Amino acid sequence: MLLALTLALAATAPPQPLCTFPDGTVIRLELAITEEEREMGLMFRDSLAEDAGMLFIFDSVARWPFWMKNTFIPLDLVWLDEAGVITDVRANVQPCRRDPCPSYTPQAPGRAVLELKAGVATAHGLAPGQKLTFANVKGYPLPRRSAP
């Protein structure tokens, strides 16, 4: 009975959101879509696996600044446009231990930010202009608009 219930729940669970880097590396994603999820982000976490990350998706295109208040681990910040193309990368951003915490603003506007364990972006050569591929992320990237 318990096995049948476990299998039934697994069958109805949504598929894991994933990101694939240009080199073929696959990252398991947590999504931060609501205002509350984006505010909490990866705060108060002691660790983050090499193959894990958090994708922040915003409702509009802007130069979304990030900070490291109450973040205990160094992170790489990867800003993305609406199509999943990298617009900026900040590697090895350190936790903020005292106020005021610095804010990190990208060079160009974007629609999403991918947070990774520090060193992952450099290890996989992530750079502006590269396209990341996403699976099982509802509403991102946005479909290409056809020309009028």
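The largest pocket in this predicted model has a volume of about 250 Å³. Its lining is made of 16 residues, and those closest to the centre of the pocket are Arg38, Glu39, Phe56, Phe66 and Trp67. Helix 2, strand 3 and strand 4 (66–67) each give two or more residues to this lining. Helix 2 supplies the largest share, with four residues. By type, the lining residues divide into nine nonpolar, two polar and five charged. As for how such a space is found, rolling a probe the size of a water molecule over the atoms shows where empty space is left.

Arg38 leads from the pocket to the salt bridges. A search of the whole structure finds five of these, and three are described here.

One of them joins the side chains of Glu35 and Arg38, with 3.2 Å from N to O. A salt bridge requires these atoms to be within 4 Å, and the pair meets that limit at 3.2 Å. Glu35 and Arg38 are three residues apart in helix 2, which means that about one helical turn separates them. How exposed or buried are the two partners? Arg38 has a relative accessibility of 16% and therefore counts as buried, since buried means under 20%. Glu35, at 43%, is partly exposed.

Another salt bridge links Arg45 and Glu30, whose closest N and O atoms are 2.9 Å apart. This pair connects distant parts of the chain: Arg45 belongs to the loop between helix 2 (35–40) and strand 3 (52–62), while Glu30 belongs to strand 2 (residues 26–32), and their positions lie 15 residues apart in the count. Arg45 is partly exposed, with 26% relative accessibility. Glu30 is partly exposed as well, with 34%.

The loop between helix 2 and strand 3 also takes part in a further salt bridge, through Glu50. Its partner is Lys117, and the closest N and O atoms are 3.5 Å apart. Which parts of the chain does this pair tie together? Glu50 lies in the loop and Lys117 in strand 8 (residues 110–117), so the salt bridge connects parts that are 67 residues apart in sequence. Glu50 has a relative accessible area of 51% and is therefore exposed, because the class begins over 50%. Lys117, with 31%, is partly exposed.

Helix 2 thus appears in two settings: four of its residues line the largest pocket, and it holds both partners of the salt bridge between Glu35 and Arg38.

How values were computed: Residues numbered from 1 in each chain as written. Predicted model: local features only at pLDDT ≥ 70, side-chain atom pairs only at ≥ 80, totals over all residues. Heavy atoms only, no water. Buried < 20%, exposed > 50% of the residue type's maximum accessible area, 1.4 Å probe, protein only. 1 Å grid on protein atoms, 1.4 Å probe; cavity = no way out; pocket = protein on both sides within 12 Å on 5 of 7 lines; lining within 4 Å. Points joined across faces, edges and corners; volume = space filled by probe spheres on them. Nonpolar A, V, L, I, M, F, W, Y, C, P; charged D, E, K, R; others polar.
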